[in-house]
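Reader: I should like a close look at one part of this predicted model. Please describe the aromatic rings around the first helix, and then the segment that precedes that helix.

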Amino acid sequence: KPAMATMMPGAMLIGISSPHARKGLLWEKYRTHYGHPGSVLVAQAPTWVMNPTVPEDGEIISEAYDSDPAWAKAEYGAVFRTDVAALVPIEVIEACIESGVRERAPQRQYHYRAFVDPSGGSADSMTLAIAHKEGSTAILDAVREVKPPFSPEAVVDEFAGLMRRY
């Protein structure tokens, strides 16, 4: 896409791929644009529809469905996989998210709790989550991740400052 800056105005970007997990650029474009009018066209069809010279009941596709149905359904059937999803399906997560809210400001009437997953700063991220309860509902208010390399002392100071606000 950055290379398109050197092309004439109105140049068309075409991406073709087999669907895989319900995450990443292809999933986001599909979720946002499939079946909706606009400047982005998302087409979804199995191999034998996109390329009529490939028979649906041909040897290659039949063998693929026999040996690994989930893979074949994505590769040849153009269906996003569900067997490679995270622990919690994306639809469940999306049902718990208020659209457009990235972080909730602290409010005096709530009692907040924080959790930190520390890191030494060289191998993995250090993370922080701050939440509160409203009745029996847990609300996640703020999340931070600092990717390595980083100074653990500096991140602890940053996280402590955020926690003090809550």
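Author: The account below takes the aromatic rings first and then turns to a serine in the preceding segment.

In this predicted model, the structure holds seven aromatic pairs. One of them joins Tyr-30 and Tyr-34: the ring centres lie 4.8 Å apart and the planes meet at 20°, so this pair is stacked. Planes under 30 degrees apart count as stacked. Tyr-30 also pairs with Phe-80, with ring centres 5.0 Å apart and planes at 55°, so this second pair is tilted. Tyr-30 belongs to helix 1, whereas Phe-80 sits in the loop between helix 4 (69-75) and helix 5 (90-95); the pair therefore ties together parts that are 50 residues apart in sequence. Trp-27 joins Tyr-30, Tyr-34 and Phe-80 in one aromatic cluster. Within this cluster, Tyr-30 and Phe-80 are both buried, while Tyr-34 is partly exposed, at 34% relative accessibility.

The segment before helix 1 (24-33) contains Ser-18. This residue is partly exposed, with a relative accessible area of 26%. Leaving aside residues up to four places away in sequence, Ser-18 touches Leu-26, Ala-74 and Glu-75. With Glu-75 there is also a polar contact, made between the side chains of the two residues at 3.3 Å. Tyr-166, by contrast, is 148 residues from Ser-18 in sequence, and the two C-alpha atoms are 45 Å apart in space.

Technical notes:
Residues are numbered from 1 along each chain as its sequence is written. This is a predicted model: local features need pLDDT of at least 70, side-chain atom pairs count only at pLDDT 80 or more; totals for chains, interfaces and linings use all residues. Side-chain values use heavy atoms; hydrogens and water are left out. Helices (H or I, at least four residues) and strands (E, at least two) are DSSP runs, numbered from the N terminus. Buried means under 20% relative accessible area, exposed over 50%, partly exposed in between (1.4 Å probe, protein chains only). Contact means heavy atoms within 4.5 Å. A polar contact is a pair of N or O atoms within 3.5 Å; within protein, one must be able to donate a hydrogen and the other to accept it, and residues adjacent in sequence count only if both atoms are side-chain atoms. Rings of Phe, Tyr and Trp (its six-membered ring) pair if their centres lie within 6.5 Å; planes under 30 degrees apart count as stacked, over 60 as edge-to-face and the rest as tilted.
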